[in-house]
Amino acid sequence: MRRYWVLGLLSIILAFNGMAFTRQNQSALNADSAPASDTNPPPGPDRFTVLTVEYQAYEWQMATWQKQKPVCTLIIDHEGVPLPGEVYRDCGEDIYEDWIIQDPCMSVNKRTCTGYYIYPSDSYMEEKEVPLELEPASAWISLEDCEPVASTATNICESQPTLVITGQEPLQDESIIRIEGTYNGEPFDCDGTDTCKFQIIETGEEGVPVQFWSYSTYGDSSIVFTAQVRVRKADEGDPDQLYWYVDVLSSQWKGQTVATCADSWNVFPPVGGPAEWLTTPKKSEELSSDIPYTYLAENLIRQGVVDSSTCIDGGLPPGGGVNQCGLEAARPSVIEWQNQFDELILTTAQDTAIPARLLKNLFARESQFWPGIFWDALDVGLGQLTENGADTTLFWNDSFYEQFCPMVYPEDACGDGYMHLDEEQQVELRRALVRSVNATCEDCPLGFDVTQADFSVTVFAHTMIANCEQTGQVVQNYTGKTPGDIASYENLWKFTLVNYNAGGGCLAEGITHALGENLELTWDNVSPFLTGACSGAVDYVNDISQ
């Protein structure tokens, strides 16, 4: 649907194996207390080496025009004339300053010119030393003997949860010799091992902070990694069969992926898992739907997929749309069509951690799964991307920009980021992204390119990641707090859908008015303030989140 970007980008501006604790006889870390840590900070990575490599050396001489006598020798490692920085390096500041501002020698008799000239004198193989930064040690966090809950990103443990922190050493002749860190401020130290294991007890709704790092025989350590861990005992079922829900937010988490945006917002999904529309099932069949989409039915009839010739007007009334007879004739094809992307949606959700059901609901609301141009040429593809939407994707999703930009421009032109492209390049890159999700193809069967449609599913997942990043920034800009401290997981997703559909300006408008009324930032409190051009976002969010 058409996006209303009213305010533009207003919002952008250790059973303990080898483990020693400070306190004795501590069988589990107490998540309700937070004593100050006395653990010394690690030194961090310090890995550099020097490699000797062979290269083609090109020798040049710099001489004066008047005496035709060399004054310095330049040795460079590339074809072509020496660069200004190489002249400064090999010939010194005085010669460089005279050479860089001298006028060209236009005289037939070159000896009458002042200044310098350079000319090639030799070429040969040479060796040079190249500094190299080696890959550092790292550490990862996981759970022992716990299973992820189907369709959610939480984990269920049938016994008291055991947190596992494992060091990793990438260098072949080195190893991890120690793990250290703090759990809710309480220090832990696992000497002589690459793994720490310790039981954790129930926490509050916000969880507790964890810091951890590893030491290597190389003589350095990893950086300090962080995590937020929540442990909640199930409050239902047989009290003799207790189990725990455990959620971990960390870049180093090795279990089932938590939704990308939860990590970005630093917010946990509800205990036991989020609402169904924010889940990803294990099998694509669980995404199946049988909704009688009228726009989809109309297109299938127009493209000859459905024969509705026995219907009045062939099932397609003169004023547009599809009549009831045409809708019934198209029903089997409509059901088959709307489910053909389910496997790809599931795979994309698993790769990007964007909930699969959210993606499918989004495509249903935006295009009814017809992957071309909708009502006009401004909204394109399964998720109806616009140039403004493409701008959000390229600005807020750095990793996607780094993958997409070299498909349009030379890699060296993309290196400094989207905001460092000139305006013309940004415009062309946005248009290229919109074109990439437009599967319309006059010469293709059914009028669209299946491969292009499949590619667009991934693009829209990355677009959603960009929108939740921008949403988090909008919330932080207007509240001064981390998104997870001010709004719930589900409400932040609903705000993200506002951002996607109507733009960051509309989201900022709703949040500003809710805060002005001293209201909690919930969807029910913010949505009444989405008025005027922003009002369409209310039904949009409600439809997708049902």
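Helix 4 (294–302), helix 5 (324–338), helix 6 (342–352), helix 12 (450–479), helix 14 (489–502) and helix 17 (536–544) are among the elements that cover the buried residues of helix 7. The model described here is predicted. Helix 7 itself runs over residues 356–367 and has 12 residues. From its first C-alpha to its last it reaches 17 Å, close to the 16 Å expected at 1.5 Å a residue. Of those 12 residues, 10 are buried, so helix 7 is largely enclosed by the rest of the structure. The buried set is A356, R357, L358, L359, K360, L362, F363, A364, E366 and S367. Just after the helix, Q368 takes a positive phi of about 55°.

The chain as a whole has 17 helices and 13 strands. It contains 546 residues, and 49% of them count as buried. About 26,700 Å² is exposed, with carbon and sulfur atoms supplying 48% of that area.

A buried site in the strands is S214, which lies in strand 11 (residues 208–216). Its relative accessibility is 0%, so S214 counts as buried. A polar atom of the S214 side chain lies 2.9 Å from the backbone oxygen of S138. Beyond its neighbours within four places in sequence, S214 is in contact with A137, S138, A139, G167, I176, R178, I179, S221 and S222.

On the surface, L51, V130 and L132 form a nonpolar patch with about 200 Å² of accessible area together. V130 sits in strand 5 (residues 116–133) and is partly exposed, at a relative accessible area of 30%.

Salt bridges number 21 over the whole structure. Three of them are listed below.

| Pair | Closest N to O distance |
|---|---|
| K197 and E144 | 2.6 Å |
| E205 and R230 | 3.9 Å |
| E205 and R232 | 3.8 Å |

K197 and E144 meet in a salt bridge that links distant parts of the chain, K197 being in strand 10 (residues 195–200) and E144 in strand 6 (residues 138–148), 53 residues apart. K197 is partly exposed at 30% relative accessible area, and E144 is partly exposed at 27%.

E205 pairs with R230. E205 lies in the loop between strand 10 and strand 11 and R230 in strand 12 (residues 225–233), so this pair ties together parts that are 25 residues apart in sequence. E205 is partly exposed, with a relative accessible area of 42%, whereas R230 is buried, at 3%. E205 also forms a salt bridge with R232. R232 is in strand 12 as well, so that pair ties together parts 27 residues apart in sequence. R232 is partly exposed, at 21%. E202, E205, R230, R232 and D247 are linked in a network of salt bridges.

Note on methods. Residues numbered from 1 in each chain as written. Predicted model: local features only at pLDDT ≥ 70, side-chain atom pairs only at ≥ 80, totals over all residues. Heavy atoms only, no water. Patch = residues over 30% accessible without salt bridge, like charges linked within 9 Å, V, L, I, M, F, W, Y side chains within 5 Å. Areas by Shrake-Rupley, 256 points an atom, 1.4 Å probe, with all protein chains shown as cover. Salt bridge = Lys/Arg side-chain N within 4 Å of Asp/Glu carboxyl O. Helix = DSSP H or I, 4+ residues; strand = E, 2+ residues; numbered from the N terminus. Buried < 20%, exposed > 50% of the residue type's maximum accessible area, 1.4 Å probe, protein only. Expected span 1.5 Å × (residues − 1). Contact = heavy atoms within 4.5 Å. Polar contact = N/O pair within 3.5 Å; in protein donor to acceptor, adjacent residues only side chain to side chain.
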